[in-house]
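Got the viewer open? Set it to cartoon, keep the side chains handy, and follow along one selection at a time.

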Amino acid sequence: MNEFFKNMNPKTAFIAGVVGGIMAVCTVGFIVLLSQFVNGKTFPKSAVFAPSAQKNAVVDQPTDAAANPAAPVSVAAVTDKDHIRGDVNASIVVVEYSDTECPFCKQFHATMEQLYQNNKGTMAWVYRHFPLASLHSKAPHEAEATECAGELGGNDKFWAYLDEMFNRTGSNNSLPETELPKIATAVGLNEKAFNDCLASGRYTQKVQSQYDEAVAAGGSGTPYSVIIANGQNTPVNGAVPLAQLQTIIDSAKAAGQK
């Protein structure tokens, strides 16, 4: 073997040495892996990094998020100052914390509309703000826009504006800023008055307070809802399907009739 390498020119010998080294390393690695496999050892999965503990370290919640966890939560009392569809004194109240640029919130908005229609007279729907600025930088300002609509046109215009905003946005910061006054005029509001309100920033703190409230109530993503019925607050995480929500509502109705 030594004679074989001696007869090689230096370049060929170098290449042969490199190839031989690689083969030796691969062989050793294979033997180690085979040994661990035979001994029943497992290998770690790829690391999954959780969001850092920041103010906006929350995420959009998809349709398969968990609903109705065992532990009840505390949520700010619903009053006539809230944005409500239905009677504030309804036996069942669903408080939704939402983000106008969250794609799952857009989907869930349609679900909530249907849930409300299916349970008119027994259920109220309350909308509160939970804009995830770290994901959707436009969402806080859009939340303020809905508040301006409510200031200028009352509860009905708030909901009309919100409905149209969800209808127009493609989510994930896709709604142009120029659409905000256009939505205002589309729902019958004065454009100048709307622009003046939005430019004032007078609802910035309200939006921030509701964000903080959502986090304090256990919200870690959007949409996040709390069903208030029979003296109990039941959290619902994510854009759960209509049938799943209706089951929770029906259970609350049945418990209230006992």
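Start by selecting His129: at 2% relative accessibility it counts as buried (under 20% relative accessible area is buried, over 50% exposed, partly exposed in between, with a 1.4 Å probe and protein chains only). Before you go further, this is a predicted model, where local features need pLDDT of at least 70 and side-chain atom pairs count only at pLDDT 80 or more, while totals for chains, interfaces and linings use all residues. Residues are numbered from 1 along each chain as its sequence is written, and side-chain values use heavy atoms, with hydrogens and water left out.

Now show the side chain of Glu147. A polar contact of 2.7 Å joins it to the side chain of His129 (a pair of N or O atoms within 3.5 Å; within protein, one must be able to donate a hydrogen and the other to accept it, and residues adjacent in sequence count only if both atoms are side-chain atoms). Leaving aside neighbours within four places in sequence, His129 also has contacts that include Tyr97, Phe158, Val207 and Tyr211 (contact means heavy atoms within 4.5 Å).

Zoom out to the strand: His129 sits in β4. Helices (H or I, at least four residues) and strands (E, at least two) are DSSP runs, numbered from the N terminus. Colour the open, mixed sheet of five strands, ordered β2-β4-β3-β6-β7; strands pair if DSSP finds at least two bridges between them. At the edges you'll find β2 (83–85) and β7 (232–237), each pairing on one side only.

Next, pick 224–229, which is β6: six bridges join it to β7, and the two run antiparallel. For one such pair, click Ile227 and its bridge partner Thr234 in β7.

Which strands does helix α4 touch? Select 139–168 and you'll see α4 packing on the sheet against β2, β3 (92–98) and β4 (123–129), with its direction at about 95° to that of β4 (axes are lines fitted to C-alpha atoms, for helices over the stretch in contact, and angles run from 0 to 180 degrees between N-to-C directions).

Last stop: helix α7, residues 204–216. Highlight Val207, Gln210, Tyr211 and Ala214, which are buried. Look down the axis: these buried residues fall within an arc of 105°, so they line one face of the helix (the arc is taken from the directions from the helix axis to the C-beta atoms). Their cover includes β3, β4, α4 and β6. Flip to the face turned away for exposed Gln205 and Ala216. Just past the helix, check Gly218, with a positive phi of about 105°.

Note on methods:
Expected span 1.5 Å × (residues − 1).
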